[in-house]
Amino acid sequence: MTASIVIVGAGPAGVRAAEVLAQAGLRPIVLDEAKRPGGQIYRQPPAGAERDAAKLYGSEAGKARAIHAALAQFGDRIDYRPNTLVWNCFDQKLNTLSNGAQGIAPYNRLILATGAFDRIIPFPGWTLPGVYTLGGAQIALKAQGVAVGKRVALVGGGPLLPLVASQYLEAGGEVAAVIDVTPFSAKVKALPAMMALPSYVKRGMAYLRTIRRHGVKPIYGAKALEVIGDTHVEGLKWRDGSGRWHQVACDAVAASFGLKPEMQLVELAGCDLRFDEPTRQWLPSVRDGGRSSNSNVYLAGDCAAIGGADVAELTGQRAAYSVLQDLGIASPAAERLSAIQAELDCHARFRSAIDAAYPFPVHLVGQMQDSLMVCRCEGVTVGELRANIVKTAAPEVNRLKAFTRVGMGRCQGRVCGAMAAEILAEKSGRPLAEVGRLRGQHPVKPIPMVV
């Protein structure tokens, strides 16, 4: 097989990267787990079940349509392979699974545009049937045209919360509550810096107006959360800043506390990572032009750093231009690259303000009870982790994994790994950066095994 330029992901970043390469006369391979292009933010319904784009994507409907149509415009000049899971990266090759068939995709240049994943903080009742992530609730709405429940409570600590709430309400769903675990004062303080992108502020305000227009008053600064129910969701409780508990009846809860990059393939491809103190998470080390520490690998979109759909398009283009430059192929004038970088600098200032407006809710981590489940796959509780930290003096999270099996299950630590590190840092008194992260393992997602 001939080595190729391969792009993993057909969201805004991957699509724009493929477009630039095809325009330069190359034929990139685009591998995507979904059946249709668009990524998470512009996820499409199944073929034959299309719905009004304005209802699915709101003010971003035009951008969504453009992303959906981009690959098809190039025909066979782009080797688009949907429904293809990339589950490993080694020796400049990708292991793939498509329609039950294993495959190998070699590359000499790789652009990773794998997107992001909900950040999870366990709270009482979070494992009950009827509890989803905000991203999961959004997928159900966009891909299948359904709500995750008849009456849904939405909980979060990031800008995805008002977006999903407004989408549910505009689609005719019933929202029982919108609960933000970060303080309203942080948003007021960050507002001047957010004006680096006034159109984004205007869009956020529109989401809030939609929520209020439907009779839902957002709640800010929740100090604790608890799902009500024994076998399924029956309601949600939260504690306010004064210590008072409140509750609302609902049959589903959608919760997430920000986003984190999908970095398993990034790490398996040999790219360096760095700890980002403001967001309390590990991020890839991105060099000029979207280049990683591995000279053959480029990063674009939210897998490089959380930035949203517009940033994903820009970084997808930038990564593709870097590929062209590194291959010695004529690329756009310096003015175009300078314009992209200027836009990205503006977005970076806005993103810093967003991170300040939605600080990671460390208070929810510190109050986790010993009985609370952290790793659902292996059945590991907070108490078991704490006891093992005391007993073994595990210095970093991979050692804790060896003692407890946390992160050894189906999700490979995507859900529980960050919380295991938080618990280790809290109990041991070490800085979060010092206790490390669970190392990426293949397969990055479950695959069938033939015996």
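Trainee: Let's start with Ile329: which residues does Ile329 touch, not counting residues up to four places away in sequence?

Mentor: Ile329 touches Leu26 and Leu324. Each counts as a contact because heavy atoms of the two residues come within 4.5 Å. Do keep in mind that this is a predicted model. As for its setting, Ile329 sits in the loop between α9 (309-326) and α10 (334-357).

Trainee: Is Ile329 called buried, exposed or partly exposed, and why?

Mentor: Buried needs a relative accessible area under 20%, and exposed needs one over 50%. Ile329 has 26% relative accessibility, so Ile329 is partly exposed.

Trainee: How far apart are the C-alpha atoms of Ile329 and Lys445?

Mentor: They are separated by 35 Å, with the two residues 116 places apart along the chain.

Trainee: Why does Glu19 get the label "buried"?

Mentor: Its relative accessible area is 15%, and the label applies under 20%, so Glu19 is buried. Glu19 belongs to helix α1 (residues 12-23). Leaving aside neighbours within four places in sequence, Glu19 is in contact with Ala70, Phe74 and Ile78.

Trainee: On to the sheets. What makes β8 (131-132) and β11 (219-220) edge strands?

Mentor: Look at the strand order of this open sheet of 5 strands, which is β8-β15-β9-β10-β11 with parallel pairing. β8 and β11 each have a single partner strand, so one side of each has no neighbour in the sheet.

Trainee: How do you know that β10 and β11 pair?

Mentor: Two strands pair if there are at least two bridges between them. β10 (residues 174-180) and β11 share 2 bridges in the parallel sense, so they meet that requirement. In one of the pairings to find on screen, Ile179 has Ile219 of β11 as its bridge partner.

Trainee: Which strands does helix α4 lie across?

Mentor: Helix α4 (residues 134-144) lies across β8, β9 (151-156) and β15 (252-256), and runs at about 120° to β15. Helix α5 lies across β9, β10 and β15, running at about 170° to β10.

Trainee: How do you know that β12 and β13 pair, and in which sense do they run?

Mentor: There are 5 bridges between β12 (residues 224-228) and β13 (residues 235-239), and at least two are needed, so the strands pair. They run antiparallel. Val227, for instance, has Leu236 in β13 as its bridge partner. The hairpin of these strands has 6 residues between them, and Gly229 there takes a positive phi near 140°.

Trainee: What is the strand order of the open sheet of 3 strands?

Mentor: The order is β12-β13-β14, with antiparallel pairing. β12 and β14 (245-249) are the edge strands, each pairing on one side only. From one strand to the next, the twist averages 20°.

Trainee: Now the empty spaces. What makes a space a cavity, and how many of 30 Å³ or more are there?

Mentor: A cavity is space where a 1.4 Å probe fits but cannot get out, whereas a pocket is open. The search of the whole structure finds 2 cavities of 30 Å³ or more. The largest holds about 430 Å³. Its lining comes from 28 residues, and those nearest its centre are Lys260, Met263, Gly413, Arg437 and Leu438. Elements giving two or more residues to this lining include β16 (259-261), α8 (264-268) and α14 (417-428). With 5 residues, α14 gives the most.

Trainee: How does the lining of the largest cavity divide by class?

Mentor: The lining has 11 nonpolar, 8 polar and 9 charged residues.

Trainee: Which residues line the second largest cavity?

Mentor: Asp118, Arg119, Ile120, Lys260, Arg414, Val415, Ala418 and Met419 line this cavity, which holds about 30 Å³. The classes come to 4 nonpolar, no polar and 4 charged. Asp, Lys and Arg count as charged, so Asp118, Arg119, Lys260 and Arg414 fall in that class.

Trainee: And which residues lie nearest the centre of the second largest pocket?

Mentor: Those are Arg51, Leu141, Gly145, Ala171 and Gly172, among 13 lining residues. The pocket holds about 220 Å³. Helices α2 (53-57) and α5 (160-170) each supply at least two lining residues. By class, the lining has 6 nonpolar, 3 polar and 4 charged residues.

Definitions and conventions:
Residues are numbered from 1 along each chain as its sequence is written. This is a predicted model: local features need pLDDT of at least 70, side-chain atom pairs count only at pLDDT 80 or more; totals for chains, interfaces and linings use all residues. Side-chain values use heavy atoms; hydrogens and water are left out. On a 1 Å grid over the protein atoms alone, a cavity is a set of points where a 1.4 Å probe fits but cannot get out, and a pocket is an open set with protein on both sides within 12 Å along at least five of seven lines; lining residues have an atom within 4 Å of a point. Grid points are joined across faces, edges and corners, and a volume is the space filled by probe spheres set on the points. Helices (H or I, at least four residues) and strands (E, at least two) are DSSP runs, numbered from the N terminus. Axes are lines fitted to C-alpha atoms, for helices over the stretch in contact, and angles run from 0 to 180 degrees between N-to-C directions. Buried means under 20% relative accessible area, exposed over 50%, partly exposed in between (1.4 Å probe, protein chains only).
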